[in-house]
Amino acid sequence: MKKLQELNKRTAPKSVMPERIIQFGEGNFLRAFVDWIVWNMNQKTDFNGSVVVVQPIERGMVDWLNGQDCLYHVNLQGRENGKTVNSLERIDVISRALNPYTQNWAYLALADQPEIRFVISNTTEAGIAFDPSCKLSDAPASSYPGKLVQLLYRRYTTFDGDPTKGLIIMPCELIFLNGHHLKECIYQYIELWREDFGDNYEGFKSWFTNYCYVCATLVDRIVPGFPRKEIADIQQKISYKDNLVVQAEVFHLWVIEKAENMTCEELRAEFPAEKAGLHVLIAESEQPYHERKVTLLNGPHTVLSPVAYLSGVDIVRDACNHEVIGKYIHKVQFEELMETLNLPMDELKKFAADVLERFNNPFVDHQVTSIMLNSFPKFCARDLPGVKVYLERKGELPQGLVLGLAAIITYYKGGKRADGADIVPNDSEEIMTLLKDLWATGDTQKVTDGVLAATNIWGEDLHSIAGLADLLKKDLDLIQEKGMLEAVKTIL
């Protein structure tokens, strides 16, 4: 065992660059995703920028970060282009970390720095919310949008409404159209604090509208976080006592929808992540990429889980490599769901292949049962649209997706698997009671009709989908008679 060094700027080299990004959030995801991306941009382009981290809530990790001079390692694991990756990189792009609850003066002073251009955030889904109890005079406002408006107003007054001092704001919260929601909250605060702004109200509102740019974004990278099991080995490899190592999968995708008042070319010029060879897409709209992710990643997950588990397979990776289940996953993804999307086919095939590599990650034992929670609402959101579009385009139902629905219904029957393992469904009480009562009849026709007619699940009666009831009953009967694995073989 070699002796470990403390990790700080005295023991490890740290770049010094202009502070160009304010980042609300110091957690694992932003450090393994956004800050890793900025680090790559600094390495491979002329971006030349560092990140000031702002702790969005009163208690957080800024003291830990500052204790290591904001240096830490990212451990990427997974498969990329058919090869296994297990890399360690030291990230040095965070210049400092602030707690606005104890350093509000330093937080607001960020608005006075002319080089600041970007605001990035991940304050959880609950973070983008309007709280009417916030005041402009709060130090700081309790909500993230409130803090941001305090900062924007300070910048507006400091630079006297200079058009070149507007900010590009890119939220990473896991909300569809997150930027649209954030912009709405900002306008709500501008109206709430109208009297506080006084004669500056009209000018500030106009400056924000015309010279600040709020972008909706889609983020995608699985970040397990601190590697508790492997930390001793990792620290031996790097020779440092790094207590902020963050583990993440190799795959990353950031789709940034350009703001209404700017072009894609303008945003690419200022934020050259694509130029750095990263999977960062600056696009006119986030929506088709949101649909692609939900359809080609979440969609297969939802149906492969019950099919795999009822076939005796417990791990997603093992399902991908299974002689039969692997072919089923490929069928659902490439032959069915892919046919329902509107992006270029070569782009869809590349994304789907990346998804399969992610499913096949040798470092993650992803239990299929962990995906099974609330399977009916998930199927409704992720797979049902594909069933309808496939039928409309092909004139027939997608066999794999319908079999997946039959597998979910069978899983919700409960009981035991062929090998004696428990089948433990988990959903809302209303759905659990419905399925229990339907299966108690012992009649697959009643089960079929009851599930398809459950408007509380689907928002409609699915008997309206031509042929669905007949095919679903047929699949349910097949699973009851021959077992899940044999049922899968009939559609391959």
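Helix 14 (345-359) makes a tidy starting point in this predicted model. Its 15 residues should span 21 Å at 1.5 Å a residue, and the end C-alpha atoms are 21 Å apart, which agrees; the expected span is 1.5 Å times one less than the number of residues. Helices here are DSSP runs of H or I with at least four residues, and strands are runs of E with at least two, both numbered from the N terminus. The buried residues of helix 14 are Leu348, Phe351, Ala352, Asp354, Val355, Glu357, Arg358 and Phe359, where buried means under 20% relative accessible area, exposed over 50%, and partly exposed in between (1.4 Å probe, protein chains only).

As for the ground rules, residues are numbered from 1 along each chain as its sequence is written, and side-chain values use heavy atoms, with hydrogens and water left out. Because the model is predicted, local features need pLDDT of at least 70 and side-chain atom pairs count only at pLDDT 80 or more, whereas totals for chains, interfaces and linings use all residues.

Two of the residues buried in helix 14, Glu357 and Arg358, also line the largest cavity, together with Gln77, Gly78, Arg79, Glu249, Val250, Phe251 and Asn361. A cavity is a set of points on a 1 Å grid over the protein atoms alone where a 1.4 Å probe fits but cannot get out; a pocket is an open set with protein on both sides within 12 Å along at least five of seven lines, and lining residues have an atom within 4 Å of a point. The structure holds one cavity of 30 Å³ or more, and about 40 Å³ of space lies in the largest cavity. Grid points are joined across faces, edges and corners, and a volume is the space filled by probe spheres set on the points. Strand 4 contributes the largest share of this cavity lining, three residues. By class, the cavity lining divides into two nonpolar, three polar and four charged residues, with Ala, Val, Leu, Ile, Met, Phe, Trp, Tyr, Cys and Pro counted as nonpolar, Asp, Glu, Lys and Arg as charged, and the others, Gly among them, as polar.

Helix 14 appears again at the largest pocket, where helix 1 (28-32), strand 12 (246-249), helix 11 (287-310) and helix 14 each supply at least two lining residues. This pocket has a volume of about 830 Å³. Of its 32 lining residues, Ile222, Pro224, Gly225, Gln247 and Val364 are the closest to its centre. Helix 11 gives the most to the pocket lining, with four residues. The classes of the pocket lining are 14 nonpolar, nine polar and nine charged.

Helix 6 (residues 178-192) also fits its expected length: 15 residues should span 21 Å, and its end C-alpha atoms are 21 Å apart. Its buried residues are Asn178, Gly179, Leu182, Cys185, Ile186, Tyr189 and Ile190. They cover an arc of only 145 degrees around the axis, which puts them on the same side of helix 6; the arc is that of the directions from the helix axis to the C-beta atoms.

The backbone offers a few curiosities too. In the loop between strand 8 and helix 6, Leu177 has a positive phi of about 60 degrees although it is not a glycine. Leu177 counts as partly exposed because its relative accessibility is 24%. Cys70, in the loop between helix 3 (62-67) and strand 4 (72-80), likewise has a positive phi of about 60 degrees, but Cys70 counts as buried at 1% relative accessibility. Finally, the peptide bond from Ala139 to Pro140 is cis, with omega near 0 degrees.
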